[in-house]
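Biologist: Please take a close look at one part of this model and at what packs against it. Keep it plain enough for a first-year student, and add whatever else in the chain deserves a remark.

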Amino acid sequence: MHTDARNIENHTLIEGDICIIGAGAAGISIALEWINTPYRVILLEGGGFEYEDRMQALYRGKTTGQRYYPLESARLHYFGGTTGHWAGFCSPLDEIDFEKRDWVPHSGWPIQRSDLDTFYARAQKNLDLGPYEYSFPEYQKEDKSLVPLPFDEEAVFNKMWQFSPPSRFGAKYRDTILKAPNIHLYTYANVCDIGANENVSAIKEVIVKNFAGKEHTVRAKYFISACCAIQNARLLLASNRQAPKGLGNDNDLVGRFFMEHLEIKSAEIWFPDPDPLKLYLLDFGKTKYRAELGITAKKQEEHRILNGTASFTPLEIARTQPAFIDIWTKDQKQREKNMSDFSKTEDQFKSTNRFRNFQLFTRVEQAPNPDSRITLDTEKDELGMPRAMLHWELTPLEKRSIRTIYEIIGKQAGLSQKGRVRLLEYLWDEDDHSWPEFTGGGWHHMGTTRMGTNPKQSVVNADCKVHSIDNLYIAGSSCYVTAGAPNPTLTLVALSLRLSDHLKKRISAVS
């Protein structure tokens, strides 16, 4: 069922059993799990069904520290959320990503990879992926033409990715949500405040506003904030009428540990003979799976580095692309055009297998850092909510990890007599901790409401419930403790399904 919150009487009281704030990948995945249950689910979406400049402007914010993209360009504010422009890259986190690593400060999840495997398998369907299988040998059984590089598997392994079409949740699940009798979608319902009981141990209601000047109240037994990492933190911090520091922020942790994947060209690999590298190359829209070079857990521990992967682009393609592609623009349509032009440059080379030289491109996790964080600005948006401020701060560990990754790959290339690796100049000086102009992120926002067992070190528990509040849950990548190497969408959907199952058990226990 669907209601446009602009068209109902002002100060309407909306009531349900569960209130989900945000209709992106996390919120929609949770809502789908409750269809045809006896519970009334309220799904709140701040925008409508299409992109609108005015709505997108609510996400505008400031950035400091390491250069970052305009915040209003980084997330989409309408039904389906940022699945409206994601690229479909999917792979699960590695087992080491969940472990406490003494060389990675603030690492260690309260759950293990095995706790997510069942939910990863279910998430594959939501994202239109194949079977839950990410072991390279299983792919090679199906296609003998997939030839891996002859590297020592104890050092470098083939980290597999699957590719969603990509699934646009807004289009794919719109009719399903609208036709569900117990799912009540309200569009143009921007949550601007969360209200708790007197001792702030439970949530009573949320206040929603829109550009029509309407304000409504939503009450439920359970609330799930399923916004992105920036907006989850922003909403908790801005809900400070009863808790001066913000909800769930007794220990000044909400908004801290913001993480991104550093995505940056880092090296070149030169082969003596042409190699098609079928296993490793990507043809957008056609490739269903590919491998990137991953560093084994054993080598990560030995060299005390972060987790990261290397992907391949023919050097001839890389050198014919513009020296600087303006993905920093605040103009959403212009940014999409820039990326489209970038893809067209690649297309002219895809049918050939004549390449000997490849650019190596890194995706590496950011070390959890409490000083990399979201705070509130004094400036407010059009609905009166304080804007978000991002301070993105990296550490020397990220750059050292990138350099070491390619030293390991380079050693394997030499030992196998397959080729030679050349580091790019910004990695030559081990004492230089600066970053080049082309340093970018993956548009992957993680952290800010991290998961843990200790309320003094985390915001939510292993079930994604805010420690100090009995009926408030957080869904999505803001709960991540570490980022791992893979793109976050598959894991955030899996975590959302796990949260949903937990809540079903909890509700049935008290019914």
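Modeller: Helices and strands are DSSP runs numbered from the N terminus, with at least four residues for a helix (H or I) and at least two for a strand (E). The model is predicted.

The part to look at is helix 14, which covers residues 489–510. Two packed helices are described by the angle and the distance between their axes.

Take helix 5 (residues 117–126) to begin with: its axis comes within 8 Å of that of helix 14, and the two cross at roughly 115°. Angles of 65 to 115 degrees count as roughly perpendicular, so helix 5 is roughly perpendicular to helix 14. The crossing of this pair is right-handed. On the helix 5 side the contact includes Phe119, Tyr120 and Arg122, and on the helix 14 side it includes Leu490, Val493, Leu497 and Asp501. Sorted by class, the contact of helix 5 with helix 14 holds 7 nonpolar, 3 polar and 3 charged residues.

Now take helix 1 (residues 25–33), whose axis comes within 9 Å of that of helix 14 at a crossing angle of roughly 40°. That angle makes helix 1 oblique to helix 14. Here too the crossing is right-handed. Ala25, Ala26, Ser29, Ile30 and Glu33 of helix 1 make the contact, with Val493, Leu497 and Asp501 among their partners in helix 14. The contact of helix 1 with helix 14 divides into 6 nonpolar, 3 polar and 3 charged residues.

Past helix 1, in the loop that leads to strand 4 (41–44), lies Asn36. Asn36 is not a glycine, yet its phi is positive, near 65°.

A similar remark belongs to helix 13 (residues 396–415). With 1.5 Å a residue, its 20 residues should span 28 Å, and the end C-alpha atoms are 29 Å apart, so the two values agree. Gln417, just after helix 13, has a positive phi of about 55°.

Two loop features remain. The bond from Pro165 to Pro166 is a cis peptide, with omega near 10°. Pro166 sits in the loop between strand 7 (156–163) and helix 7 (169–172).

As for ring pairs, with centres within 6.5 Å as the rule, the count is 19 aromatic pairs. One of them, Tyr69 with Trp443, is stacked, at 3.8 Å centre to centre and 5° between the planes. This pair links distant parts of the chain, 374 residues apart: Tyr69 belongs to the loop between strand 5 (62–65) and helix 3 (71–74), and Trp443 to the loop between strand 20 (440–441) and strand 21 (472–474).

Terms used: Residues are numbered from 1 along each chain as its sequence is written. This is a predicted model: local features need pLDDT of at least 70, side-chain atom pairs count only at pLDDT 80 or more; totals for chains, interfaces and linings use all residues. Side-chain values use heavy atoms; hydrogens and water are left out. The expected span of a helix is 1.5 Å times one less than its number of residues. Axes are lines fitted to C-alpha atoms, for helices over the stretch in contact, and angles run from 0 to 180 degrees between N-to-C directions. Angles under 35 degrees count as roughly parallel, over 145 as roughly antiparallel, 65 to 115 as roughly perpendicular and the rest as oblique. A crossing is left-handed if the near helix is turned anticlockwise from the far one by less than a right angle, and right-handed if clockwise. Contact means heavy atoms within 4.5 Å. Ala, Val, Leu, Ile, Met, Phe, Trp, Tyr, Cys and Pro count as nonpolar, Asp, Glu, Lys and Arg as charged, and the others, Gly among them, as polar. Rings of Phe, Tyr and Trp (its six-membered ring) pair if their centres lie within 6.5 Å; planes under 30 degrees apart count as stacked, over 60 as edge-to-face and the rest as tilted.
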